Amino acid sequence: MPESTAVPTARPTGAELTAEDGKLVILARGARGRVGAVEGAAVRDQDGRTYAAASVSLPSLTITALQLAVASAAAAGATRLEAAVVVTEASTLDGAGYAAVRDLAVDAPIHLAAPDGTVLGTVTE
């Protein structure tokens, strides 16, 4: 999936994730693993509800896991996101997913994690 140079770099946080953000990592890993997708993502909305998704690549539709998780949250009535996680082998966050999260939250942390669940960094801008 295309990566954008306009996306802030995920910076190592040096801090442990909250328990709630740790659950997002587990959900994102599960979504990715269930279908063998390139990436998995999960978001938490203003009410604490979570949405997980995997990337989709069909002849007529390509959507990142983070875009799909945000779309699921928005379709369920979410108006704000508290946090997001992307599990991927890529070393950077994709621009489309970043933009989707920022549509619902200008300051929610977006954690980037490796397939084993190790958090590589966090985007907070």
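This passage walks through the sheet, the cores, the salt bridges and a few individual residues of a predicted model.

The sheet is a good place to start. It is open and built from 5 strands in the order β2-β1-β5-β6-β7, with mixed pairing. The two edge positions go to β2 and β7; each has a single partner strand, so one side of each is left without a neighbour in the sheet. On average, and ignoring direction, neighbouring strands are turned by 15° against each other. Toward the β7 edge, β6 and β7 run antiparallel and are joined by 4 bridges, and Ala113 sits opposite Val119 in β7. Helix α2 packs on the sheet, where it touches β1, β2, β5 and β6, and its direction makes about 30° with that of β1.

Next come the cores. The largest nonpolar core holds 23 residues, and those touching the most other members are Val43, Leu66, Val70, Leu81, Leu93, Val101 and Ile110. Two or more residues each come from β1 (39-45), β2 (50-54), α2 (65-75), β5 (81-88), α3 (95-104) and β6 (110-113). Of these, α2 gives the most, with 5 residues. There is also a second core, separate from the largest one, with 8 residues, among them Leu24, Ala42, Ala83 and Val87. Val43 gives a feel for the packing: leaving out residues up to four places away in sequence, Val43 touches Leu24, Arg49, Thr50, Tyr51, Leu66, Ala69, Val70, Ala73, Leu81, Ala83 and Ala84. Such grouping fits a broader pattern, since nonpolar side chains in soluble globular proteins tend to be buried together.

Helix α3 deserves its own look. The helix is mostly covered, with 7 of its 10 residues buried, namely Gly95, Gly97, Tyr98, Ala100, Val101, Arg102 and Leu104. The cover over these buried residues includes α2, β5, β6 and β7 (119-123). At the start of α3, a side-chain oxygen of Asp94 comes to within 3.2 Å of the backbone nitrogen of Ala96.

On the charged side of things, the structure has 6 salt bridges. One of them pairs Glu20 with Lys23, with the closest N and O atoms 3.0 Å apart. Both residues belong to helix α1 (residues 19-35), and because they are 3 residues apart there, about one helical turn separates them. Both partners are partly exposed: Glu20 has a relative accessible area of 37%, and Lys23 comes in at 44%.

Another salt bridge brings together the side chains of Glu89 and Arg32, at 3.1 Å from N to O. This pair links distant parts of the chain, as Glu89 lies in the loop between β5 and α3 while Arg32 belongs to helix α1, 57 residues apart. The surroundings contrast, too: Glu89 is exposed, with a relative accessible area of 64%, whereas Arg32 is buried at 15%.

Arg44 and Glu82 make a further salt bridge, the closest N and O atoms being 2.9 Å apart. Here the link runs between strands, from Arg44 in β1 to Glu82 in β5, 38 residues apart. Arg44 is buried, with 8% relative accessibility, and Glu82 is partly exposed at 30%. Through shared partners, salt bridges join Asp21, Arg44 and Glu82 into one network.

Asp21 turns up again next to His111, as the two side chains make a polar contact at 2.9 Å. His111 is found in strand β6 and is buried, with 5% relative accessibility. Setting aside neighbours within four places in sequence, the contacts of His111 are Leu17, Asp21, Ala84, Val85, Val86, Val119, Gly121 and Thr122.

Finally, there is Gly40, a residue of strand β1. Its relative accessibility is 0%, so Gly40 counts as buried. Although Gly40 and Val87 are 47 residues apart in sequence, their C-alpha atoms lie 5.1 Å apart in space. Val87 is one of the residues that Gly40 touches beyond four places in sequence; the others are Ala28, Arg32, Ala53, Ala54, Ala65, Val85 and Val86. That list takes in Arg32, which is the buried partner of Glu89 in the salt bridge described above.

Key
Residues are numbered from 1 along each chain as its sequence is written. This is a predicted model: local features need pLDDT of at least 70, side-chain atom pairs count only at pLDDT 80 or more; totals for chains, interfaces and linings use all residues. Side-chain values use heavy atoms; hydrogens and water are left out. A nonpolar core is a set of buried Ala, Val, Leu, Ile, Met, Phe, Trp, Tyr and Cys residues joined through side-chain atoms within 4.5 Å. Buried means under 20% relative accessible area, exposed over 50%, partly exposed in between (1.4 Å probe, protein chains only). Contact means heavy atoms within 4.5 Å. A salt bridge is a side-chain nitrogen of Lys or Arg within 4 Å of a carboxyl oxygen of Asp or Glu. A polar contact is a pair of N or O atoms within 3.5 Å; within protein, one must be able to donate a hydrogen and the other to accept it, and residues adjacent in sequence count only if both atoms are side-chain atoms. Two strands pair if DSSP finds at least two bridges between them. Axes are lines fitted to C-alpha atoms, for helices over the stretch in contact, and angles run from 0 to 180 degrees between N-to-C directions.
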